[in-house]
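Please open the model in your viewer and keep the sequence panel beside it. We will go from stop to stop, with something to select at each one.

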Amino acid sequence: MSFTPSTIEALSPNAVTLFRDTWGLLAAGSAEKCNTMTISWGMLGELWGADCVTVYVRPTRYTKEFLDANEQFTISFLPADAANRKIHGVTGAQSGRDVDKIALTGLTPVPAGESVAFAQAQTVLVCRKLAVQAFDPAGFVDDLPRKVYGDEDPHVFYVGKIEQVLVRTSA
Ligand SMILES: Cc1cc2nc3c(=O)[nH]c(=O)nc-3n(C[C@H](O)[C@H](O)[C@H](O)COP(=O)(O)O)c2cc1C
């Protein structure tokens, strides 16, 4: 399996559909030692004069430890088919603290930049961490975010500069 460089302008489907409907595998670490989890919350666009992506991670996620320990992270978007939904059934429901999600799913970690992505991906974003911040509930000016969190800790968001967009060129 191999990947070729592409651009955010050529993303297919578009970024909204990729995050909300296709879902991504957020990963950090190396091909030898990494963790990954399903995400559907994400934003893509220009920030600070750079092409950036923002992902939202609950403080309890094991993947957060890998995000915090590494300068880069990746988002791998697998084709949205039934087999990959099964993969997300593991990566989006089980924690790497408890199970080996790579072994359970058959995902194949491959180096991507200084980080790790998955050979099964159709599209990979390789991102360099620019900022990490927790939402401050004092800034919630509408009930929607208050209702989402209740008494729980809000998400930590990671802004990453998109350094590479990779698309799969072989099966
Ligand atoms: C469709 C879907 C979308 C998800 N999106 C997010 C997300 O954006 N942020 C987040 O923190 N957790 C999200 N999750 C939950 C994590 O994927 C899940 O808790 C995972 O088991 C965490 O694994 P970890 O502890 O190994 O990091 C989502 C789960 C699913 C099924």
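Start by selecting strand S8, residues 115–118, where both faces are covered: Ser115 and Ala117 are buried on one side, and Val116 and Phe118 are buried on the other. In a regular strand, side chains alternate between the two faces of the sheet. Here a strand is a DSSP run of E with at least two residues, a helix is a run of H or I with at least four, and both are numbered from the N terminus. A residue is buried if 20 or more other C-beta atoms lie within 10 Å of its own, exposed if 12 or fewer do, and partly exposed in between, with C-beta atoms placed from the backbone. The model you are viewing is predicted: local features need pLDDT of at least 70, side-chain atom pairs count only at pLDDT 80 or more, and totals for chains, interfaces and linings use all residues. Residue numbers start from 1 along each chain as its sequence is written.

Next, add strand S7, residues 109–112, which runs antiparallel to S8 and is joined to S8 by 4 bridges. Strands count as paired when DSSP finds at least two bridges between them. Pick Pro109 and look across to Phe118, its bridge partner in S8. The hairpin of S7 and S8 has 2 residues between the strands, and Gly113 there takes a positive phi near 60°.

Ala117 also leads us to the largest nonpolar core, which has 35 residues; Leu26, Ala27, Val53, Phe73, Ala117 and Val124 have the most contacts inside it. Such a core is a set of buried Ala, Val, Leu, Ile, Met, Phe, Trp, Tyr and Cys residues joined through C-beta atoms within 7 Å. Now select Val53: leaving aside neighbours within four places in sequence, its contacts include Gly42, Leu44, Ile75, Cys127 and Ile162. A contact means that two C-beta atoms, placed from the backbone, lie within 7 Å.

Which residues are closest to the ligand? Of the 20 that surround the ligand, they are Trp41, Tyr62, Thr63, Gly92 and Ser95. The elements giving two or more residues to this shell are strand S3 (34–39), strand S5 (50–57) and helix H2 (62–69). S3 gives the most, with 4 residues. To count as near the ligand, a residue needs its C-beta atom, placed from the backbone, within 6 Å of it.

Stay with Ser95, in the loop between helix H3 (82–91) and helix H4 (101–105). Ser95 counts as partly exposed because it has 14 C-beta neighbours inside 10 Å. Its C-alpha atom is separated by 9.8 Å from that of Thr60, although the two are 35 residues apart along the chain.

Three loop stops remain. In the loop between strand S1 (3–6) and helix H1 (15–22), find Pro13; a cis peptide bond joins Ser12 and Pro13, with omega about -5°. Then select Trp23, in the loop between H1 and strand S2 (24–29). Trp23 is not a glycine, yet has a positive phi of about 75°. Is Trp23 buried or exposed? With 23 C-beta neighbours inside 10 Å, Trp23 is buried. Trp48, in the loop between strand S4 (42–47) and S5, has a positive phi as well, near 55°. Trp48 has 9 C-beta neighbours inside 10 Å and therefore counts as exposed.

Finally, zoom out to the whole protein, with its 5 helices and 10 strands. Its C-alpha atoms fill a box of roughly 50 × 40 × 30 Å along the principal axes.
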